[in-house]
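Visitor: Please take a close look at the pairing of charged side chains, and then follow the surroundings outward from there.

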Amino acid sequence: MKIFSTKSSRAAGNRHAARKVSALAIAIILLIVIGIGGSVAYLASSADKPVTNSFTPGEIKTEIDEGFNDDNTVKTSVIVNNNGNTSAYIRVAVVANAIDEDGNITGAADVSDKLTGSDWTKLGDYYYYNGIVQAGGETSNLLNDEGIDLTGIQVTVLASAIQVEPADAVIEAWGVQFNNGAWTTASGT
């Protein structure tokens, strides 16, 4: 004689399996609750501490060094220094005027034949240095070996610089681009 039927043994086994699943689900839920509670406690305790987000903005400072012969009648060099803390592209505008004995401007003067073409590219009204000038670096001389005879003329050099990164900064600001060592007018500008 059988005391237990097969049906009741299976039912008891299913109840036992259901209890295991329930216990596992409860354990998982407890772990999640403890994890969330621990995270909230950590964040709440660290909220009293100030967060310091230190950064140094990029800065570009240019300085023009001009050299002259002994009697200051010939400008022998024009070099632009990058005294900032980031790499830069540099361009210059050269303004030359004819002057009379009293120093009054009487008209424009052409000095383009005195400017070197090897390390500089003329686009529009500017001469662009053919390279990236690192922080603390300088351009090569803008003038050729002859220099500019200042008899009867006044020459003013104006430098501007822009950061190298992001790459589109020079396109947006100057409308030119520097690719493979050459300056070109940016397309679409």
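Guide: A residue is called buried under 20% relative accessible area, exposed over 50% and partly exposed in between, judged with a 1.4 Å probe and protein chains only. This is a predicted model, in which local features need pLDDT of at least 70 and side-chain atom pairs count only at pLDDT 80 or more, while totals for chains, interfaces and linings use all residues. Residues are numbered from 1 along each chain as its sequence is written, and side-chain values use heavy atoms, with hydrogens and water left out.

The structure holds 2 salt bridges, each being a side-chain nitrogen of Lys or Arg within 4 Å of a carboxyl oxygen of Asp or Glu. Side chains of opposite charge can pair when their charged atoms come close. One salt bridge joins Lys 75 to Glu 66, at 2.5 Å from N to O; Lys 75 is buried, with a relative accessible area of 2%, whereas Glu 66, at 36%, is partly exposed.

In the other, the closest N and O atoms of Glu 146 and Lys 114 are 2.8 Å apart. Glu 146 sits in the loop between strand 6 (126-129) and strand 7 (148-149), and Lys 114 in the loop between strand 4 (105-108) and strand 5 (120-123), so the pair ties together parts that are 32 residues apart in sequence; strands here are DSSP runs (E, at least two residues), numbered from the N terminus. Glu 146 is exposed at 57% relative accessibility, while Lys 114 is partly exposed at 21%.

Lys 75 also leads inward, since Val 155 is in contact (heavy atoms within 4.5 Å) with Lys 75, Val 94, Val 95, Ala 96, Val 111, Ile 148 and Leu 150, leaving aside neighbours within four places in sequence. Val 155 belongs to the largest nonpolar core, of 18 residues, where Val 92, Leu 142, Ile 148 and Val 155 touch the most other members; such a core is a set of buried Ala, Val, Leu, Ile, Met, Phe, Trp, Tyr and Cys residues joined through side-chain atoms within 4.5 Å. Strand 2 (74-82), strand 3 (88-99), strand 6 and strand 8 (153-163) each supply at least two residues of this core. Apart from this core lies another, of 10 residues, among them Tyr 89, Ala 169, Val 170 and Phe 178.

Methods. Helices (H or I, at least four residues) and strands (E, at least two) are DSSP runs, numbered from the N terminus.
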